[in-house]
Amino acid sequence: MTAFKQRIFSGVQPSGNLTLGNYLGAIKNWVGLQETFETIFCVVDLHAITTWQDPETLRNATREVAAGMIASGIDPKKSIIFNQSQVSAHAELAWIFNCVARMGWLNRMTQFKEKAGKNRERASVGLYVYPDLMAADILAYKATHVPVGADQKQHLELTRDIAQKFNSDYGVEFFPEVEPLIFGEATRVMSLRDGNAKMSKSDPSENSRINLTDTRDLIEKKVRKARTDSEALPGSVEDLNDRPEAKNLMNIFAALSDKKVDEICASYEGKGFAEFKSDLADLSVEILGPITEEMTRLMSEKSYLDDILREGSHKADELATPILTAVHEIVGFLRP
Ligand code: AQP
C-alpha cells in the first residue's frame, strides 16, 4: 500500500452569510484539527456560481467567508486559506472527473434534487456536476480527511467512488481513500422555522438562520421566534425524537456549550421554552459575539484578507500542480 500523508481539505461556499450551521457543522470543528493535520481550507467560489451570484456580492462574500474562518480560529500561519478559483487544478481535475463519474451516480445525489427542486430542467449543469468538482477539490491535494456537516456525507461517498474508479480504470494506486470527519453535537443544524429543513445560507427566510454577522438583538429575536412545540422540555435525548424543533435547539445549545445533549436535557427537564430560549440566546451571543466583532474588524482590512488569500493560493497551487501533472501523465495527455 502507498502511504498517504494525513491532510485535511474542506471548504465553504461564499453564497451568502455564514450561518450557525456552517459554524457548528464545519468551521468550529476545523480549529482543533490544525494541530494534528496539515490543513487546507478553501472558499469555494466555483461552487457558489452553480446558482446565480451577483459579482460584487460574490467578491464581498468571498472575503467575508475568509474573515469568518479566521475569526473562528483558523490560523493562516497553520492552515492554507485561499479561494478556489485562483487554483486552476480544481477546475481541470473536475473536468477529468466529469469523465470518470457516471450519470447514474450523479442522478442519486440528494443535494441536487433538493436544490434543483421541480425546476430540474432549468438548473445549471454546474449544479449537477457539483459533486465532481468537490471530489476534485479534495483529490487535487490527495487529502485524506474531510471535516464536513452531515449533509455532505453522500458527496464524500461519491468522492471515494470517483477515486476508486480512477485508480481501477488506469490501474494505479494514485488517489487515497478519503475519510469524512463528521463530529460535534450539531452535525446537521436545522432551520429555526422548520425542524425538518437544513439551516441554509440561501433559505429565503432570514428568521430561519442565525448568521455570524447578526447583532445581539437580531440573535435574541431569532431565537425567541424560533418555532417550538407546546410541551415541556424532556429529560433525555430519546424523548426528542419526534420533536424536531426542540431537538434542534437542544443540539445547538449542546454544541455551543461543548456539552452532550443529554447534559442539556438534564438541566432543563420539565422546564418551558421561555427560560431555555433566553439562555440559548445569551449563550449564542457569548460565543458568536467575539467572532462577529473580529469578522467586522477583518472586513475593514480588505488588503490583509486579500494577502492571506493570495498567499494561500500560491501555497495551494504548489501542492496541487505536481499532483495534476501526475494525473495528466496517468491519463495520457501528451506534453509536447
Ligand atoms: N445546517 C448545517 N448543519 C451542519 N453543517 C452545515 N453545513 C452547511 N449547513 C449546515 C456545513 O458547512 C460546510 C460548508 O457548507 P457550504 O457552504 O459549502 O454548502 P452547503 O452545505 O450547501 O451550505 P448552505 O449554508 O446550505 O449553503 P447554500 O444555501 O448556499 O447551499 C459544509 O461542511 C457543510 O456540511
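**Helix packing and ligand surroundings**

Helices H4 and H8 cross in a right-handed manner (right-handed if the near helix is turned clockwise from the far one by less than a right angle, left-handed if anticlockwise). The contact, meaning heavy atoms within 4.5 Å, involves His90, Ala91, Leu93, Ala94, Phe97 and Asn98 on the H4 side, and Asp132, Leu133, Ala135, Ala136, Asp137 and Leu139 on the H8 side. Sorted by class, this contact of H4 with H8 comprises 8 nonpolar, 2 polar and 2 charged residues (nonpolar: Ala, Val, Leu, Ile, Met, Phe, Trp, Tyr, Cys and Pro; charged: Asp, Glu, Lys and Arg; polar: the others, Gly among them).

The model is a predicted one, in which local features need pLDDT of at least 70 and side-chain atom pairs count only at pLDDT 80 or more, while totals for chains, interfaces and linings use all residues. Residues are numbered from 1 along each chain as its sequence is written, and side-chain values use heavy atoms, with hydrogens and water left out.

H4 covers residues 89-98 and H8 residues 130-139; helices (H or I, at least four residues) and strands (E, at least two) are DSSP runs numbered from the N terminus. Their axes lie 8 Å apart at an angle of about 125° (lines fitted to C-alpha atoms over the stretch in contact, with angles from 0 to 180 degrees between N-to-C directions). H4 and H8 are therefore oblique to each other (under 35 degrees is roughly parallel, over 145 roughly antiparallel, 65 to 115 roughly perpendicular, the rest oblique). In the loop between H8 and strand S4 (145-147) sits Lys142, whose phi is near 50°, a positive value in a residue other than glycine.

A second helix pair is formed by H1 (residues 20-33) and H11 (residues 244-257), which pack at about 50° with axes 11 Å apart. That angle makes H1 oblique to H11, and their crossing is left-handed. Leu20, Leu24 and Lys28 of H1 meet Ile252, Ala255 and Leu256 of H11, a contact with 5 nonpolar, no polar and 1 charged residues. The loop between H11 and helix H12 (261-268) contains Asp258, which has a positive phi of about 55° although it is not a glycine.

What surrounds the ligand? There are 21 residues around it (a heavy atom within 4 Å), and the closest are Lys115, Asp151, Ser200, Lys201 and Ser202. Polar side-chain atoms of Asp151 and Ser200 each lie beside a ligand oxygen atom, at 2.5 Å for Asp151 and at 2.6 Å for Ser200. Gly149 takes part through its backbone, with a polar atom 2.8 Å from an oxygen atom of the ligand.

Terms used: A polar contact is a pair of N or O atoms within 3.5 Å; within protein, one must be able to donate a hydrogen and the other to accept it, and residues adjacent in sequence count only if both atoms are side-chain atoms.
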